[in-house]
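Thanks for coming. I will go through one structure today, and I will keep to what can be read from the coordinates.

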Amino acid sequence: MMNAATMGLAAGMALGFAGYFGGFWAFLLVLVLGTAGLIVGLVVQGDLDLRGRGQR
C-alpha cells in the first residue's frame, strides 16, 4: 500500500505529463477524473461517509 507522499507524487507527475503532452484540457480532465476517483476510493474504503451530506 502506498503512503500519502507517494500518492501525491504520482498524482503530480500524472498531472504534469497530461499538461505537458496534452495541453490545458487534458490537464483539467486528469484533474477532474483523479478527484472523482479519489472520492470513490475514499467512500469504498470507508474513510468518507456521504450519507449525511444531503439531509438537514
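**The charged pair, the helices and the pocket**

I start with Asp 49, which counts as partly exposed because its relative accessibility is 47%. Please keep in mind throughout that this is a predicted model.

What does Asp 49 form a salt bridge with? The partner is Arg 51, and the closest N and O atoms are 3.0 Å apart. Arg 51 has a relative accessible area of 67%, so this residue is classed as exposed. In general, side chains of opposite charge can pair when their charged atoms come close. How many salt bridges does a search of the whole structure find? The search returns one.

Now the helices. Helix α1 covers residues 4-22. With 19 residues, α1 reaches 26 Å from its first C-alpha to its last, close to the 27 Å expected at 1.5 Å a residue. Just after α1 comes Gly 23, with a positive phi of about 90°.

Helix α2 covers residues 24-45, which is 22 residues. From first C-alpha to last, α2 reaches 31 Å, close to the expected 32 Å. Here too a glycine follows: Gly 46, just after α2, takes a positive phi of about 95°.

Next, the space between atoms. Rolling a probe the size of a water molecule over the atoms shows where empty space is left. The largest pocket has a volume of about 190 Å³. Which helix gives the largest share of its lining? That is α1, with six residues. Both α1 and α2 supply at least two residues each. The lining includes Met 7, Ala 11 and Leu 15, and also Val 30, Gly 34 and Leu 38.

On the surface, there is a nonpolar patch of about 650 Å². Leu 9, Met 13, Phe 17, Tyr 20 and Phe 21 make this patch. Take Phe 17 as an example, a residue of helix α1. Is Phe 17 buried or partly exposed? Phe 17 counts as partly exposed, because its relative accessibility is 49% and the exposed class begins over 50%.

One more residue of α1 is Gly 19. Gly 19 has a relative accessible area of 29%, so this glycine is partly exposed as well. Its C-alpha atom is separated by 29 Å from that of Leu 48, and the two residues are 29 residues apart along the chain.

That is the end of my part.

Key: Residues are numbered from 1 along each chain as its sequence is written. This is a predicted model: local features need pLDDT of at least 70, side-chain atom pairs count only at pLDDT 80 or more; totals for chains, interfaces and linings use all residues. Side-chain values use heavy atoms; hydrogens and water are left out. Patches are made of residues with over 30% relative accessible area and no salt bridge: like charges are joined within 9 Å, nonpolar side chains (Val, Leu, Ile, Met, Phe, Trp, Tyr) within 5 Å. Accessible areas come from the Shrake-Rupley method with a 1.4 Å probe; for residues, only the protein chains shown count as cover. A salt bridge is a side-chain nitrogen of Lys or Arg within 4 Å of a carboxyl oxygen of Asp or Glu. Helices (H or I, at least four residues) and strands (E, at least two) are DSSP runs, numbered from the N terminus. Buried means under 20% relative accessible area, exposed over 50%, partly exposed in between (1.4 Å probe, protein chains only). The expected span of a helix is 1.5 Å times one less than its number of residues. On a 1 Å grid over the protein atoms alone, a cavity is a set of points where a 1.4 Å probe fits but cannot get out, and a pocket is an open set with protein on both sides within 12 Å along at least five of seven lines; lining residues have an atom within 4 Å of a point. Grid points are joined across faces, edges and corners, and a volume is the space filled by probe spheres set on the points.
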